[in-house]
Amino acid sequence: MERKLYKIIFICILVAASFGLRFYFLPKQGFSSDIGLFLYWGERIADEGLAAVYNKNAYYQGVDYPFLIPLATSWLVKAVSGTGFDKAYIFKLIPTAGEIVLLLISGFLIVRSKIKYKWLLLVFALIQPPLALVTSAWGQVDSLLSLSILISFLLINKNSYLSTFFLFLGILLKPQALPAIAIFFLYFILQKKYKEFALQFILFLGLFLISALIFRQFADASFLDPYIKSVGRYDNSSLNAFNLWWAVYGRGSWDISDKFGDIINLRQQGLIIFSIFFVPVLTYLGFKKRSFLELCLVLAYTYLIFFVFPTEIHERYLYPAVVFFALSSLLNKRIFIIFLIISASYLVNVFSVLQTFYPQFGFLRFDLLEGGWTRVVAIANVLIAFYLAMYLIYESFKKVKT
């Protein structure tokens, strides 16, 4: 009984530390241009309707998000109008709340596990400084995307219709839901659940078409623009992501176009390498039945290689990988070590970008993106992608001892 009490106290302390870190970050300036853009979209929609933001020229004026977040922001703007509340602070409460729910679900799953190192894992999984920095300080909404994906895959074998709905919700939040959607439907195909694949594909397509029709009634733009035109919107080889292109070019990757190249340009090279590294996913899903934790590993790996190899990647795009590495750490200690390395790498990446462009912490007030040390971090991310590719292939063909 006494031991159980100590565990409860320990968990309460961790939860309090996790909450405290996020509320420490909330009043920070954050990445004010991003927050300002969300609020601008919300104010326009609140005043003039969806068509004020989503029109024929919208995508080329910076509206590269699906409508759900801008629409939700417009409701927020209306709710706090005239109250005197800081709109930026209130806006950041939305993704922060999503992140807290995300961490509590992850923490619950970790506590329920029987692995020996679960309490150490729980410390890192609940506090998660890099995630707090992106959400509560920066003001980005990656937590909401990751939460929708997590719930979807939790339900995939329990209620596939609800699972599809939450996955669809993810694509209304950010185009970066596409890798998870690919894994979702590949899972049904490669696990030979063909009937389930057909049913969920029809449901997903139906939800997409209904949303597009409703969107068309209130906006004067293509519903597909944020998805189709995302590739090529920026032609930078890396948008501050410490990935393969940063490892090669360093900070110069921002100024090197991914259209560079005679026969095969950098963008095509990145997509080819990503496709090659996606093959282990197919083998891993195709040869054996896979549990929820193994699906988390597939998601983590997929979002890692999505971050590491394609061009035009922002530093924030590693967020879902960190979330799902935390859960897949329950598989074995090797994945736990990778989770720790990736978390540290992500923290360094997002802090360096935020503090360089919008200094708001009382130390390291200089350009953190200069110098060769950032390329070392990028190389570490690339090496982990290589290691995990080999790991997935090995696990796909490993014979189970009887």
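**Exercise 1. Is Phe-306 buried or exposed?**

Solution. Before starting, note that this is a predicted model, in which local features need pLDDT of at least 70 and side-chain atom pairs count only at pLDDT 80 or more, while totals for chains, interfaces and linings use all residues. Residues are numbered from 1 along each chain as its sequence is written, and side-chain values use heavy atoms, with hydrogens and water left out.

Step 1: recall the cut-offs. Buried means under 20% relative accessible area, exposed means over 50%, and partly exposed lies in between (1.4 Å probe, protein chains only).

Step 2: apply them. Phe-306 has 18% relative accessibility, so this residue counts as buried.

**Exercise 2. Describe two aromatic pairs.**

Solution. Step 1: learn how such pairs are described. A pair of aromatic rings is characterised by the distance of the centres and the angle of the planes. Here, rings of Phe, Tyr and Trp (its six-membered ring) pair if their centres lie within 6.5 Å; planes under 30 degrees apart are stacked, over 60 edge-to-face, and the rest tilted.

Step 2: begin with the total. Searching the whole structure gives 41 aromatic pairs. In one of them, Phe-31 and Trp-138, the ring centres are 4.7 Å apart and the planes meet at 10°, so this pair is stacked.

Step 3: place the two residues. Helices (H or I, at least four residues) are DSSP runs, numbered from the N terminus. Phe-31 belongs to the loop between α1 (2-25) and α2 (32-48), and Trp-138 to helix α6 (residues 129-138), so their pairing ties together parts 107 residues apart in sequence. Phe-31 is buried at 12% relative accessibility, and Trp-138 is buried at 1%.

Step 4: turn to Phe-274 and Phe-306. Their ring centres are 6.5 Å apart and their planes are at 75°, so this pair is edge-to-face. It links distant parts of the chain, with Phe-274 in helix α13 (residues 266-287) and Phe-306 in helix α14 (residues 292-308), 32 residues apart. Phe-274 is buried too, at 17% relative accessibility.

**Exercise 3. Which residues of α1 and α10 are buried, and what packs against them?**

Solution. Step 1: check the length of each helix. The expected span is 1.5 Å times one less than the number of residues. With 24 residues, α1 reaches 35 Å from its first C-alpha to its last, close to the expected 34 Å. Helix α10 (residues 194-218) has 25 residues and reaches 37 Å, close to the expected 36 Å.

Step 2: list the buried residues. In α1 they are Leu-14, Ser-18, Arg-22 and Phe-25. In α10 they are Gln-200, Phe-204, Phe-208, Ser-211, Ala-212 and Phe-215. As a general guide, an α-helix has 3.6 residues a turn, so residues three or four places apart point the same way.

Step 3: find the neighbours, taking contact as heavy atoms within 4.5 Å. The buried residues of α1 pack against α4 (87-112), α5 (118-127) and α6. Those of α10 are covered by elements including α8, α9 (178-190) and α11 (225-228).

**Exercise 4. Explore the largest nonpolar core.**

Solution. Step 1: define the term. A nonpolar core is a set of buried Ala, Val, Leu, Ile, Met, Phe, Trp, Tyr and Cys residues joined through side-chain atoms within 4.5 Å.

Step 2: look at its make-up. The largest such core has 127 residues, and Tyr-54, Phe-153, Leu-304 and Phe-325 have the most contacts inside it. The greatest contribution comes from α14, with 14 residues.

Step 3: follow Phe-325. This residue sits in helix α15 (residues 319-328) and is buried, at 0% relative accessibility. Beyond four places in sequence, the residues that Phe-325 touches include Leu-297, Leu-304, Phe-339 and Leu-388. The C-alpha atoms of Phe-325 and Phe-339 are 5.2 Å apart, although 14 residues separate them along the chain.

**Exercise 5. How many disulfides does the count come to?**

Solution. Step 1: set the rule. A disulfide is a pair of cysteine sulfur atoms within 2.5 Å.

Step 2: count. By this rule there are zero disulfides.

Step 3: examine two cysteines. Cys-12 is partly exposed at 47% relative accessibility, whereas Cys-296 is buried at 1%.

How values were computed:
Helix = DSSP H or I, 4+ residues; strand = E, 2+ residues; numbered from the N terminus.
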